[in-house]
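Notebook open, model loaded. I jotted things down in the order I looked them up.

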Amino acid sequence: MGRISGSRAMAYIKPSWFFARVFNRVVLATGAVNSQPLTVTKRRSKLPQTIPMTPVDVDGVKYLVSVRGETEWVKNVRANPHVKLTESGVTDYVATEIPVEARKPILQAYRATASKATARLFRQLPEGADHPVFSLTALRH
């Protein structure tokens, strides 16, 4: 398990080398754990970053939840909210960060479907403020 670093407002659980370099690649290749590839633009290099995500739907809105806190993908989405999520095809979205006080029902819905590993991350970062949440609005071309 990664270490927790930063202040309460900048909580982050760093993934292990295995998780970041091996597990995520296997999940991206297979779609395991109900994940979908999320592609964001890196804020410095402007290159694409693709990671496995498990979006949650609440009241007809699709959300992304950062279970590890202030991750690189979160910082990248804040810098450029245009993201791509690959489901049956690729859909372009604009991500909007949800204020801390509005996250509770989304986090509850996410936790209800989470794996044991994800539940452990929520125990390590128990506050809603620890988990950035973004709503997704599909762009129509």
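**Entry 1: the sheet.** I started with β7 and β8, which pair in the antiparallel sense over five bridges. Within that pairing I found Leu-85 standing opposite Thr-91 of β8. One caution for myself: this is a predicted model.

Next I traced the whole sheet. Seven strands make up an open sheet, running β4-β3-β7-β8-β9-β6-β5, with antiparallel pairing. The edges are β4 and β5, each pairing on one side only. I also looked up the twist: neighbouring strands here are turned by 40 degrees against each other on average, direction ignored. Helix α3 packs on this sheet and touches β5, β6 and β9; its direction makes about 130 degrees with that of β5.

**Entry 2: the chain overall.** I stepped back and counted elements. The protein chain has four helices and nine strands, and along the sequence they follow the pattern β-β-α-β-β-β-β-α-β-β-α-α-β. Of its 141 residues, 37% are buried. I looked up contacts too: among those with a separation of 6 or more, 63% are between residues 24 or more positions apart. The chain exposes about 8,100 Å², and carbon and sulfur atoms supply 55% of that.

**Entry 3: helix α3.** Which residues of α3 are buried? In this helix, residues 104-112, I noted Ile-106, Leu-107 and Tyr-110. They sit on the same side of α3, because they cover an arc of only 95 degrees around the axis. That made me recall the textbook rule: an α-helix has 3.6 residues a turn, so residues three or four places apart point the same way. On the other side of α3, Lys-104 and Ala-112 are exposed. The cover over the buried residues of α3 includes β5, β6, α4 (116-124) and β9.

**Entry 4: helix α2.** I did the same for α2, residues 72-79, where Trp-73, Val-74, Asn-76 and Val-77 are buried. Their arc around the axis is only 160 degrees, so they too end up on the same side of α2. I listed what covers them, and the list includes β3 (36-41), β4 (48-53), β6 (61-65), β7 (82-86), β8 (90-97) and β9 (133-138).

**Entry 5: aromatic pairs.** How many aromatic pairs does the whole structure hold? My search came back with two. One is Trp-73 with Phe-134, a tilted pair at 5.8 Å centre to centre and 55 degrees between the planes. It links distant parts of the chain, since Trp-73 is in helix α2 and Phe-134 in strand β9, 61 residues apart. I checked burial for both rings: Trp-73 is buried at 6% relative accessible area, and Phe-134 counts as buried at 2%.

Tyr-110 and Phe-122 are also paired; their ring centres are 6.2 Å apart and their planes at 50 degrees, so this pair is tilted. Tyr-110 belongs to helix α3 and Phe-122 to helix α4, so the pair ties together parts 12 residues apart in sequence. Both residues are buried, with Tyr-110 at 9% relative accessibility and Phe-122 at 3%.

**Entry 6: two buried spots.** I picked Gly-69 in the loop between β6 and α2. Is it buried or exposed? Gly-69 has a relative accessible area of 0%, so I wrote down buried. Not counting residues up to four places away in sequence, Gly-69 touches Ala-11, Val-74, Leu-125, Asp-130 and Pro-132. I also took its C-alpha to C-alpha distance to Ala-129: 8.6 Å, for residues 60 apart in sequence.

Then I went to Gln-36 in strand β3. Its relative accessible area is 17%, and the cut-off for buried is under 20%, so Gln-36 makes it as buried. Leaving aside neighbours within four places in sequence, its contacts are Ile-51, Pro-52, Met-53, Pro-55, Leu-85, Thr-86 and Glu-87.

**Entry 7: positive phi.** Last lookup: non-glycine residues with positive phi. Lys-46 has phi near 70 degrees and lies in the loop between β3 and β4. It is exposed, at 58% relative accessible area. Asp-59 has phi near 50 degrees and is found in the loop between β5 (56-58) and β6. Asp-59 counts as exposed as well, with 79% relative accessibility.

Notes:
Residues numbered from 1 in each chain as written. Predicted model: local features only at pLDDT ≥ 70, side-chain atom pairs only at ≥ 80, totals over all residues. Heavy atoms only, no water. Buried < 20%, exposed > 50% of the residue type's maximum accessible area, 1.4 Å probe, protein only. Arc of directions from axis to C-beta. Contact = heavy atoms within 4.5 Å. Areas by Shrake-Rupley, 256 points an atom, 1.4 Å probe, with all protein chains shown as cover. Pairing = 2+ DSSP bridges. Axes fitted to C-alpha atoms, helices over the stretch in contact; angles between N-to-C directions. Phe/Tyr/Trp six-rings, centres within 6.5 Å; stacked < 30°, edge-to-face > 60°.
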